[in-house]
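Open your viewer and get ready to click along. We will go from one residue to its surroundings, then on to other stops.

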Amino acid sequence: MSSGNKSSAAEAFTVCLDKMRLSAFLFLVPTLVGASVNVRTLVFPSATNTAYVELVPLKPLNLTAFTLCMRVATELSGRREVILFAYRTPNFDELNVWRELDGSLSFYMSGNGVLFQVPQLGALQTHLCATWDSGSGASALFIDGRKSVTKIYKKNHIVQPGGTVIVGQDPDSYLSGFDAKQSFVGEIGDINMWDYVLSQSNIQDLFSGKWVAKGNVFDWETAELRVNGEVTVVDIEL
Ligand SMILES: *[C@@H]1O[C@H](CO)[C@@H](O)[C@H](O)[C@H]1NC(C)=O
Ligand SMILES: [Ca+2]
């Protein structure tokens, strides 16, 4: 009797241990198989001169190189400029990324820009990265992991700190002077930035959703967002 009790207690203990192992295992499985992850995305439903989201950086944008990536979808078509990213100090547009009138993509660092003839953005999501290195001036875009022609742009330039990054509007003056005809309409998210140039294989991995080093200027997973006006932050499951 008593030995029977002992053995059933021992069995219960073993079952309990097994359950603990099982629950530990079940807990680990999603991370092991890379199960669904929730990410935020920004939806700009219409053209306004008021809606924008400020992104708070992890460090000042004092840059001699960068990689800037995002996922973007827009149904805006036809001849219209569309701002995709704006970093401005009180004095200058330090780094703006645009879709141009003709659909080409470009970025501008206080002055003339560099334009790329790449496949156009559209209603289906595009993974877009821009890279630049001051030492060589080498600049490129990546569309869904595929690299553009390298262009030489603003060799020895430095992107100056002391400004604010926003998406949704082009600020002609510091945090104002917005124009609805240049505003972003659509969905934009997964905005990450590094203060160095990522390798092509890292950019391909980013496109396909694999883990690479988190952005050290913007890390979308944790970035503080300050939403202004008609913008909705939506959680999507990957
Ligand atoms: C910007 O970077 C340079 C060196 O790259 C450094 O000397 C300077 O202090 C930095 N400025 C700020 C505001 O971080
Ligand atoms: Ca403008």
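Start by selecting Ile 188, which is buried, with a relative accessible area of 1%. Keep in mind that you are looking at a predicted model.

**Stop 1: around Ile 188**

Colour strand S13, residues 186-194, and you will find Ile 188 within that strand. Now show what touches Ile 188. Leaving aside neighbours within four places in sequence, Ile 188 is in contact with Thr 41, Leu 42, Phe 44, Met 70, Arg 71, Val 72 and Leu 84. Pick Thr 41 from that list: Thr 41 and Ile 188 are 147 residues apart in sequence, yet their C-alpha atoms are 6.0 Å apart in space.

**Stop 2: the largest pocket**

Stay with S13 for a moment, and turn to the largest pocket, which has a volume of about 780 Å³. To find its middle, select Val 39, Asp 190, Gly 209, Glu 221 and Leu 238, the closest to the centre among the 32 lining residues. Next, colour the elements that give two or more residues to this lining: strand S1 (38-44), strand S3 (65-73), S13 and helix H2 (200-207). Which element gives the largest share of the lining? It is S13, with six residues. If you colour the lining by class, you should see 15 nonpolar, nine polar and eight charged residues.

**Stop 3: a calcium ion**

Select the calcium ion that is ligand 2. Its donors come from Asp 170 (OD), Asp 172 (OD), Asp 172 (OD) and Gln 182 (OE1), at 2.2 to 3.0 Å. Along the sequence, these donor residues follow the spacing D-x1-D-x9-Q. Asp 170 and Gln 182 each lie in the loop between strand S12 (164-167) and S13, so the pair ties together parts that are twelve residues apart in sequence. Are these two residues buried or exposed? Both Asp 170 and Gln 182 are buried.

**Stop 4: two hairpins in a row**

Finally, show strand S5 (residues 93-99) and strand S6 (residues 105-108), which pair in the antiparallel sense over four bridges. They form a hairpin with five residues between them, and Gly 103 in the turn has a positive phi of about 95°. Click Arg 99 and look across to its bridge partner in S6, Leu 105.

Leu 105 also stands opposite Phe 116 in S7. Add strand S7, residues 113-116, which runs antiparallel to S6 and is joined to it by four bridges. S6 and S7 make a hairpin too, with four residues between them; select Ser 110 in that turn to see a positive phi of about 30°.

Conventions
Residues are numbered from 1 along each chain as its sequence is written. Chains are lettered from A and ligands numbered from 1 in the order in which they are written. This is a predicted model: local features need pLDDT of at least 70, side-chain atom pairs count only at pLDDT 80 or more; totals for chains, interfaces and linings use all residues. Side-chain values use heavy atoms; hydrogens and water are left out. Buried means under 20% relative accessible area, exposed over 50%, partly exposed in between (1.4 Å probe, protein chains only). Contact means heavy atoms within 4.5 Å. Donors are N, O and S atoms within 2.8 Å of the metal (3.2 Å for Na, K and Ca); water is not among the atoms, so sites may look incomplete. Two strands pair if DSSP finds at least two bridges between them. On a 1 Å grid over the protein atoms alone, a cavity is a set of points where a 1.4 Å probe fits but cannot get out, and a pocket is an open set with protein on both sides within 12 Å along at least five of seven lines; lining residues have an atom within 4 Å of a point. Grid points are joined across faces, edges and corners, and a volume is the space filled by probe spheres set on the points. Ala, Val, Leu, Ile, Met, Phe, Trp, Tyr, Cys and Pro count as nonpolar, Asp, Glu, Lys and Arg as charged, and the others, Gly among them, as polar.
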